[in-house]
Amino acid sequence: MKHSKQNQSIVDYTPIDITENILLGGRDLVYLAGLQWNSIDDRSHHLLSYLAQTHRVFFIAEPVLEFISSWWLEIRRDECGVWVVVAHLPDWVSEALVSAMHHSLIDELIEKYAIDNPILWYCTPAALPFTRHVKSAAIVYDCVNERPDEATSSILQELEQQLLNQAHLVLFKERNLYKSTQHSNVYIFSNSGNQTWNEMNEFIEAAIANVQTADCSKDYCPISKQV
């Protein structure tokens, strides 16, 4: 079933046993990608596949805007264990209304899947407007692409600054971006150079363990730098 003007509280979900989170241990991870699942790079795919072994991982893909009169979620579980979530939204309404619809779908996802205080892993500041209300254990900003500038969007620049202010951990793929960022807890995290997949796994294990045990009401949660 889908959202419509007559019914705005029902959406189809793939069945899931909510006790799975207890059995796996660790917090849920909500990964806000800004891309479709089949468009992400090797680094991101490896990271999410690895984390899905011990966490419930929800990959929030870039929404699909189309000429429809309803809004709904498409949810499937990839063979690597990651839950892929795609919002289908109308392309003929205002940007503010699209964001509100996306907001409501995120709320229903959280309720239906019993997602409690997840780690929010942002790959794009564009996801902030429809997720800023979500209560989380920690926030990660993983800048996998070029940072927004005035030439791309001043709105995205402002959203990125808000995200940097809220993030407990900031990751960059490129050293030049790492050096240009003012944050107390920023790291280079890539699959190039001297970093092996095992080193990446060890780094993420330390980061995830830290944000789950540290007092994340503080400005940041320090971990050992891996650069």
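The expected span of a helix is 1.5 Å times one less than its number of residues. With that in mind, I shall present one helix and one cavity from this structure, which is a predicted model.

Let us begin with helix α4, which covers residues 154–166. This helix has 13 residues, and the distance from its first C-alpha to its last is 19 Å, close to the expected 18 Å.

Which residues of α4 are buried? They are Leu159, Glu160, Leu163 and Leu164. These four lie on the same side of α4, because they cover an arc of only 140 degrees around the axis. A general point helps here: an α-helix has 3.6 residues a turn, so residues three or four places apart point the same way. The other side of α4 carries exposed residues, namely Ser154, Ile155, Glu158 and Asn165.

What do the buried residues of α4 pack against? Their partners are three strands: β6 (119–122), β7 (138–143) and β8 (169–172).

I turn now to the empty space inside the model. Rolling a probe the size of a water molecule over the atoms shows where empty space is left. The structure holds 2 cavities of 30 Å³ or more, and the largest contains about 60 Å³ of space. Two elements, β1 (29–32) and α3 (95–112), each give two or more residues to the lining of this largest cavity. Helix α3 provides the largest share, 3 residues. Among the lining residues are Val30, Leu32, Ile106, Leu109, Ile110 and Thr131.

What is the lining of the largest cavity like by class? It has 10 nonpolar residues, 1 polar residue and no charged residues.

Methods: Residues numbered from 1 in each chain as written. Predicted model: local features only at pLDDT ≥ 70, side-chain atom pairs only at ≥ 80, totals over all residues. Heavy atoms only, no water. 1 Å grid on protein atoms, 1.4 Å probe; cavity = no way out; pocket = protein on both sides within 12 Å on 5 of 7 lines; lining within 4 Å. Points joined across faces, edges and corners; volume = space filled by probe spheres on them. Nonpolar A, V, L, I, M, F, W, Y, C, P; charged D, E, K, R; others polar. Buried < 20%, exposed > 50% of the residue type's maximum accessible area, 1.4 Å probe, protein only. Arc of directions from axis to C-beta. Contact = heavy atoms within 4.5 Å.
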